[in-house]
Amino acid sequence: MEVKKNPKADLNRNSGLYFVIGLTIVLFATWRMLEHKTYVSDEEFVNVLNVMDEMDEEVPITELIKTPPPPPPPTTPDVIEVVEDIEEVEETIIESTESSQDTFVEEVVSVDDVDVGEEEEEILVPFAVIENVPVFPGCENLGSEAERKACFNRKIQEHIQKNFNYPKTALEMGISGRVFVQFEIDGTGKVSGIRKRGPDRLLEEEAVRIIASLPQMKPGMQRGRPAKVGYSIPINFMMQ
């Protein structure tokens, strides 16, 4: 018995190659479908714009409310009747309060008997031009004004360094900068009128606290009288 099947006609011989080719074609077609994009043509865009431009806006019809005219003013009577007074009114005699030459004045007040006090106004003099600067405690024994000024400035710096305390909240938030402080030393030697300007409220409050804790000093003198002295100083808040 002869075998009729040809050994060369094997259908499974190239099946793997055909499978790879078919899979490649399917993947390529799928990729092209995903990458396919469509665009609106210029004609469609123009049509849309024309449609929007042709829309008519409905204007609401308003009704005019007519207000009635104001009433006419009242007419005056044609005849005015004069009514005679029946009751008699007694006149009140007003006596004059002016004094004459015959009036006797018992006591005359002299102008010399009135004490007139002079009110002294406290003037504000800058620290740089004051005749006698305020004396900080510890600078009393210095002779010249230049030495007292230098001692005053040095004592202020020492006081700030001694009482300086960086605010904890400002330190955690990384807030730093320079606070400009202006204050006055009044006629009694006390600090008053503190004004501040800085980058943050926490730093300003700390600067005011330091200046407010300054000790009482001997007041400055201008033309032999106690004067209010203005002083300004910057306080630096820097993190190291």
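Helices here are DSSP runs of H or I of at least four residues, numbered from the N terminus. The exercises below apply this to a predicted model.

**Exercise 1. Place the salt bridge of Arg 209 and Glu 206 in its helix, and classify both residues by accessibility.**

Step 1. Arg 209 and Glu 206 both belong to helix α5, where three residues, about one turn of the helix, separate them.

Step 2. Their side chains meet with an N to O distance of 2.6 Å. The cut-off for a salt bridge is 4 Å between a side-chain nitrogen of Lys or Arg and a carboxyl oxygen of Asp or Glu, so the pair at 2.6 Å qualifies.

Step 3. Buried means under 20% relative accessible area and exposed means over 50%, with partly exposed in between. Glu 206 has a relative accessible area of 10%, so Glu 206 is buried. Arg 209 has 39% relative accessibility and is therefore partly exposed.

**Exercise 2. Describe the salt bridge between Glu 205 and Arg 201 in the same way.**

Step 1. The closest N and O atoms of Glu 205 and Arg 201 are 2.8 Å apart.

Step 2. Glu 205 and Arg 201 are about one helical turn apart, because four residues separate them in helix α5.

Step 3. With a relative accessible area of 42%, Glu 205 is partly exposed. Arg 201 reaches 53%, so Arg 201 is exposed.

**Exercise 3. Which parts of the chain does the salt bridge of Glu 184 and Arg 195 link?**

Step 1. The closest N and O atoms of Glu 184 and Arg 195 lie 3.6 Å apart.

Step 2. Glu 184 is in strand β2 (residues 177-185) and Arg 195 is in strand β3 (residues 191-197). The pair is 11 residues apart and links distant parts of the chain.

Step 3. Glu 184 is buried, because its relative accessibility is 12%. Arg 195, at 42% relative accessibility, is partly exposed.

Step 4. Glu 184 and Arg 195 also belong to a network of salt bridges that includes Lys 228. In total the structure holds five salt bridges.

**Exercise 4. How are helices α3 and α5 oriented to each other?**

Step 1. The helices concerned are α3 (residues 145-163) and α5 (residues 201-212). Their axes are 10 Å apart and make an angle of about 125°.

Step 2. Angles over 145 degrees count as roughly antiparallel, and 65 to 115 as roughly perpendicular. The angle of about 125° fits neither range, and α3 and α5 are therefore oblique to each other.

Step 3. The crossing of α3 past α5 is right-handed.

**Exercise 5. Find the residues that make a nonpolar surface patch, and locate Ile 21.**

Step 1. Leu 17, Tyr 18, Ile 21 and Ile 25 make a nonpolar surface patch of about 430 Å².

Step 2. Ile 21 sits in helix α1 (residues 15-35).

Step 3. Patch residues need over 30% relative accessible area. Ile 21 has 42% relative accessibility and so counts as partly exposed.

**Exercise 6. Is Ile 185 buried or exposed, and what separates the C-alpha atoms of Ile 185 and Gly 220?**

Step 1. Ile 185 is in strand β2.

Step 2. Its relative accessible area is 0%, so Ile 185 is buried.

Step 3. Along the chain, Ile 185 and Gly 220 are 35 residues apart, while 7.9 Å separates their C-alpha atoms.

**Exercise 7. Locate Thr 188 and Arg 223 in their loops, and describe each residue.**

Step 1. Thr 188 is in the loop between β2 and β3. Its relative accessible area of 45% makes Thr 188 partly exposed.

Step 2. Between Thr 188 and Met 217 there are 7.9 Å from C-alpha to C-alpha, with the two residues 29 apart in sequence.

Step 3. Arg 223 is in the loop between β4 (220-222) and β5 (225-237). Phi of Arg 223 is near 55°, which is a positive value in a residue other than glycine.

Step 4. Arg 223 is exposed, because its relative accessible area is 71%.

**Exercise 8. Summarise the whole chain: how many helices and strands are there, and in what pattern?**

Step 1. There are five helices and five strands.

Step 2. Along the sequence their pattern is α-α-β-α-α-β-β-α-β-β.

Step 3. Of the 240 residues in the chain, 18% are buried.

Note on methods: Residues numbered from 1 in each chain as written. Predicted model: local features only at pLDDT ≥ 70, side-chain atom pairs only at ≥ 80, totals over all residues. Heavy atoms only, no water. Patch = residues over 30% accessible without salt bridge, like charges linked within 9 Å, V, L, I, M, F, W, Y side chains within 5 Å. Areas by Shrake-Rupley, 256 points an atom, 1.4 Å probe, with all protein chains shown as cover. Helix = DSSP H or I, 4+ residues; strand = E, 2+ residues; numbered from the N terminus. Buried < 20%, exposed > 50% of the residue type's maximum accessible area, 1.4 Å probe, protein only. Axes fitted to C-alpha atoms, helices over the stretch in contact; angles between N-to-C directions. Parallel < 35°, antiparallel > 145°, perpendicular 65-115°, else oblique. Left-handed = near helix turned anticlockwise from the far one by under 90°.
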